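Colleague: I have the file open and a few things to ask. Can we start with the ligand and then go through some strands and a helix?

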Amino acid sequence: MLIEAQQCGHGASGRNGGWFMGTLEGLSAFTDSKGELHPAARAQLNTLVSRAGQVLTKEGIECDFHHGGCVMAAARHTSQIARARETLAHFQGLGFSEDDYRWLTPEALTARMQVANPGGAVFTPHVARVQPAKLVMGLARVVKALGVRVFEHTRATSIGPERIDCDRGSVGANQIVVATEGYSEVGNPLHRRIIPVQTGMVVTEPLTDKQWSDIGFHDNETFADFTRAATYLQRTADQRLVIGARGNYLPGGRPQHALADTASIAQHRQRIALDLFPQLRGVRFTHNWGGSVGVPRSWHPHVIYDPFSKMGTAGGYIGEGVGASFLFGETLATLLIGESSELSEMPWVQQRPLAELHRWEPEPVPQLGLKATMLAFGAEEWLLNRYGESLPARAMGWLCDQLGPH
Ligand SMILES: Cc1cc2nc3c(=O)[nH]c(=O)nc-3n(C[C@H](O)[C@H](O)[C@H](O)COP(=O)(O)OP(=O)(O)OC[C@H]3O[C@@H](n4cnc5c(N)ncnc54)[C@H](O)[C@@H]3O)c2cc1C
């Protein structure tokens, strides 16, 4: 099998927020007639993080993996409480238990995170923190030791059954997996079937013990608040606070190749951090970066293998792909060797041609849709910050509900 990359870790895997999650975006798409996720699918997701932890230990991949769970909180505005409750009800409706997703009262939240306005939270143990670049480099080392050849700095210009043409030559292969996700450009069978949306991070200087005791993260839990443009925070092994938030859309639906974000986007993320933890005022933000996540028209991820063309793909993770790509990688492996296993029976697996993945509408339709949604989200946030839970903020909240992510 060939693994192609312009540079090891150039994609989202080398530059993400390091949440290794035991869940997938768009789980509602995989439910049965009762609206529940099949117990075997729930079991796959619930065991994903510990399974990955065992693999990392076995393979000696040191990537700051810490299985501390995740706190998703109503942390700034009262209207976030309803969204937190809805999220808990959503997971319970899918059949997950109290052990998987449970409510934290404002007091229980404060014991973990000293946020500005604690309104309660959802806690799940099914998330770990990782350092993404170390994870990618560790994986590359392990697969190379298994005999896989990794070609860096090599652009695939055309990808088809049994053949990939690259700027430095061509490669023949019996089976081909297209794993280009938010970086699927012209010449790629996933181009316009998976479109790139940008997200990114800022990181503080290393914080002191006193600063950590003032803000929380005592078990290195990952943390998010229920803002509309998803936030994701983690405490790194070198004691920095990393704050990520979505999103942006580049004209023409181009992916973000540059690592750094613009100053104004970075400042927006810094403001979110300080709104959540005013205790950090005066702290230095030392770095910022961003990248592209892959968004499919269906708004849920997939593993696809076509036994006729022998081409496969995994992706459409919409920003929740660190754990998902581990699970989908395991799944593709069983499909490629023709093994029938529980993994290949999962509801996110499809055996059909890649070309059947829905195409996005032509530009600028997705761009206008996303920009309008982000503007509405920003306006609601501004109204909430300025006027609290006022009538205009509620009206804008209603509009945001209608726009949704779809
Ligand atoms: C800033 C940021 C923060 C994120 N935070 C999280 C998080 O905390 N938790 C989470 O679960 N998910 C997160 N994500 C999403 C997650 O990182 C991705 O879903 C996941 O890494 C996708 O992995 P992948 O291997 O499928 O694709 P990628 O890691 O994107 O890899 C695709 C690769 O394909 C290569 N490629 C594309 N086209 C070509 C070509 N023509 N020739 C050669 N090579 C090509 C690219 O160079 C790239 O290396 C985040 C993403 C970003 C950008």
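Modeller: One term before the ligand: a polar contact is a pair of N or O atoms within 3.5 Å; within protein, one must be able to donate a hydrogen and the other to accept it, and residues adjacent in sequence count only if both atoms are side-chain atoms. This is a predicted model, where local features need pLDDT of at least 70 and side-chain atom pairs count only at pLDDT 80 or more, while totals for chains, interfaces and linings use all residues. Residues are numbered from 1 along each chain as its sequence is written, and side-chain values use heavy atoms, with hydrogens and water left out.

Colleague: Fine. How far is the backbone N or O atom of glycine 18 from an oxygen atom of the ligand?

Modeller: That distance is 3.3 Å. A polar backbone atom of alanine 12 is 3.0 Å from a ligand oxygen, and a backbone N or O atom of tyrosine 183 sits 3.1 Å from a ligand nitrogen.

Colleague: How much of the ligand does the protein bury?

Modeller: The protein buries 93% of the 1000 Å² that the ligand exposes when taken alone. Those areas come from the Shrake-Rupley method with a 1.4 Å probe; for residues, only the protein chains shown count as cover.

Colleague: Which elements give two or more residues to the shell around the ligand?

Modeller: β2 (19-21), β12 (194-204) and β16 (285-296) do. Helices (H or I, at least four residues) and strands (E, at least two) are DSSP runs, numbered from the N terminus.

Colleague: And which of the 31 residues around the ligand come nearest?

Modeller: Ser13, Gly17, Trp19, Ala156 and Val322. A residue is near a molecule or strand if one of its heavy atoms lies within 4 Å of it.

Colleague: Val322 is in a helix too, right? Which residues of α7 are buried?

Modeller: Val322 is on that list, along with Gly323, Ala324, Leu327, Phe328, Thr331, Leu332, Thr334, Leu335 and Leu336. Buried means under 20% relative accessible area, exposed over 50%, partly exposed in between (1.4 Å probe, protein chains only).

Colleague: What span should the 15 residues of α7 have?

Modeller: At 1.5 Å a residue, helix α7 (residues 322-336) should span 21 Å, and its end C-alpha atoms are 21 Å apart, so the two agree. The expected span is 1.5 Å times one less than the number of residues. Glycine 338, which follows α7, has a positive phi near 70 degrees.

Colleague: Switching to β18. Is it buried or exposed?

Modeller: Five of the five residues of β18 (residues 311-315) are buried. Met311, Thr313 and Gly315 point one way and Gly312 and Ala314 the other. In a regular strand the side chains alternate between the two faces of the sheet.

Colleague: What does β18 pair with?

Modeller: Strand β11 (residues 176-178) runs parallel to β18 with three bridges, and strand β17 (residues 302-306) pairs with β18 in the antiparallel sense over five. Two strands pair if DSSP finds at least two bridges between them. Glycine 312 is the bridge partner of valine 177 and of tyrosine 305.

Colleague: Why does threonine 313 count as buried?

Modeller: Because its relative accessibility is 1%. A polar atom of the threonine 313 side chain lies 2.6 Å from the backbone oxygen of valine 178.

Colleague: Last one: how many residues lie between β14 and β15 in their hairpin?

Modeller: Five, and glutamine 239 in that turn has a positive phi of about 70 degrees. The two strands run antiparallel, joined by five bridges, with tyrosine 232 partnered by glycine 244 of β15.
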